[in-house]
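Me: Please look closely at one part of this predicted model. Start from a single side chain, then show me how its surroundings fit with the rest of the chain.

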Amino acid sequence: MPARPTWKGYLKISLVTIPIKVFPATDAGATLSFNQLHAECQTRIQQKRWCPQCEREVPNTDIVKGYEFEKGRYVVMDEEDVEKVRVDSTRVINLEKFTNDSAIDPIYFERPYYLAPDGPVASEAFAVVREGMEGMAGIGKVALYGREYLVKVQPRERGLIMYTLRHAEEIRAMDGIDELGHMPAKVKAEEVKLARQVMSTFEGELDFKAYRDEYQDGLRQIIAAKVEGREIVAPEVEAPPKVVNLMDALRRSLDSISGSKKKPQRVEAQPEARARKRARA
């Protein structure tokens, strides 16, 4: 089934405007979801919209959006009011600034989307822009799902990828974490050196396909067992040992890794076996 766009508009760089489509880059359906049931009869629970003032259920047709500007006081916003917001980003992603594609702190990243040209005519200009942006990222804005996002756009494979970004005021400072106030001012150089040795033994190419969500896999196994009437006994979980001596723990880590990576040694033949081999030769 072909992917469906969630947004259609234009990608703009200076005087160049390209019709584009925006597609989700992630699949929410890959994660298990659960329904709420009544434990007594296992019937799915219904969420009803209830008005405590009128003491009755309210149909969707009688529900409006309201913003609380004072405690208990609301201003009602209807669709006509929302339509009056005519910012450019509702139809155009205008890339106003360019930077190195690795210059933005990942803490600002929110959700990824794929960008593709909208129609054959747009493909050539889209391809030129994609090639011209190699190693770079464009910063702009787009209005999605009732708010305006700051976005980062950069090349990926045959298309472009767009990340919605959090604004600076959405990022919490680490200063508010009391536990980090107890961090030591200095650490032992020999411990750092040994820690780096341990980490270096795990260096290698990263392949995300090699990783699976084992928690989701376990849930699926339990669900399948319950459907079939089987019972699964949970394995005992051992608590990790407490590190009393950091240097000792690092040395033992290095020894265990080195031992597991050693090649089996060649076993020398016994003297009489060697003699028989020479005689046959």
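Reply: A strand here is a DSSP run of at least two residues, marked E and numbered from the N terminus. By that rule, residues 147-156 form strand E11, and glutamine 154 sits within it. That is the part to look at. Keep in mind throughout that the model is predicted.

Is glutamine 154 buried or exposed? Its relative accessibility is 13%. The cut-off for buried is under 20%, so glutamine 154 counts as buried. Its side chain has a polar partner: lysine 152, in a polar contact of 2.9 Å between the two side chains.

Which residues does glutamine 154 touch beyond its sequence neighbours, meaning those up to four places away? Asp101, Met133, Met136 and Ala137 come before glutamine 154 in sequence. Leu160, Ile161 and Tyr163 come after. Strand E12 spans 159-165, and helix H2 covers 120-132.

A second buried residue makes a useful companion. Serine 89 has 4% relative accessibility, so it is buried. Serine 89 is not in a strand: its place is the loop between helix H1 (79-83) and strand E7 (92-94). Its contacts, leaving aside neighbours within four places, are Trp7, Lys141, Val142, Ala143 and Glu148. Glu148 brings us back to E11, which runs over residues 147-156.

Now the whole chain. It has 6 helices and 12 strands. Of its 281 residues, 19% are buried. Among contacts with a separation of 6 or more, 60% are between residues 24 or more positions apart. The chain exposes about 24000 Å², and carbon and sulfur atoms supply 53% of that area.

Move along from E12 and the surface changes character. Methionine 183 lies in the loop between strand E12 and helix H3 (189-200). With 57% relative accessibility, methionine 183 counts as exposed, since the exposed class begins over 50%. Methionine 183 belongs to a nonpolar surface patch with Met174, Ile177 and Leu180. Together these residues have about 410 Å² of accessible area.

Next, the charged pairs. How many salt bridges does a search of the whole structure find? It finds 7. One of them joins aspartate 118 to lysine 8, with the closest N and O atoms 3.8 Å apart. This pair links distant parts of the chain: aspartate 118 is in the loop between strand E9 (109-117) and helix H2, lysine 8 is in strand E1 (residues 7-13), and they are 110 residues apart. Aspartate 118 is partly exposed, at 25% relative accessibility. Lysine 8 is partly exposed too, with a value of 43%.

Aspartate 118 also meets lysine 21 in a salt bridge, again 3.8 Å from N to O. Lysine 21 sits in strand E2 (residues 16-24) and aspartate 118 in the E9–H2 loop, so this pair ties together parts that are 97 residues apart in sequence. Lysine 21, at 24% relative accessibility, counts as partly exposed.

Another bridge, between the side chains of glutamate 228 and arginine 230, has an N to O distance of 2.8 Å. Glutamate 228 is exposed, at 54% relative accessibility, while arginine 230 is partly exposed, at 45%. Back at aspartate 118, shared partners join Lys8, Lys21 and Asp118 into one network.

What about disulfides? The search of the whole structure finds 0. Cysteine 51 shows why: its sulfur is 3.8 Å from the closest cysteine sulfur, in cysteine 54, too far for a bond. The cut-off is 2.5 Å. Cysteine 41 is partly exposed, with a relative accessible area of 46%.

Two backbone details complete the tour. Glutamine 42 is not a glycine, yet its phi is positive, about 60°. It lies in the loop between E2 and strand E3 (50-51). Glutamine 42 is exposed, at 62% relative accessibility. Glutamate 55 has a positive phi as well, about 55°, and is not a glycine. Its place is the loop between E3 and strand E4 (56-57). Glutamate 55 counts as exposed, at 61%.

Set that against the starting point: glutamine 154 is buried at 13%, within strand E11.

Definitions and conventions. Residues are numbered from 1 along each chain as its sequence is written. This is a predicted model: local features need pLDDT of at least 70, side-chain atom pairs count only at pLDDT 80 or more; totals for chains, interfaces and linings use all residues. Side-chain values use heavy atoms; hydrogens and water are left out. Helices (H or I, at least four residues) and strands (E, at least two) are DSSP runs, numbered from the N terminus. Buried means under 20% relative accessible area, exposed over 50%, partly exposed in between (1.4 Å probe, protein chains only). A polar contact is a pair of N or O atoms within 3.5 Å; within protein, one must be able to donate a hydrogen and the other to accept it, and residues adjacent in sequence count only if both atoms are side-chain atoms. Contact means heavy atoms within 4.5 Å. Patches are made of residues with over 30% relative accessible area and no salt bridge: like charges are joined within 9 Å, nonpolar side chains (Val, Leu, Ile, Met, Phe, Trp, Tyr) within 5 Å. Accessible areas come from the Shrake-Rupley method with a 1.4 Å probe; for residues, only the protein chains shown count as cover. A salt bridge is a side-chain nitrogen of Lys or Arg within 4 Å of a carboxyl oxygen of Asp or Glu.
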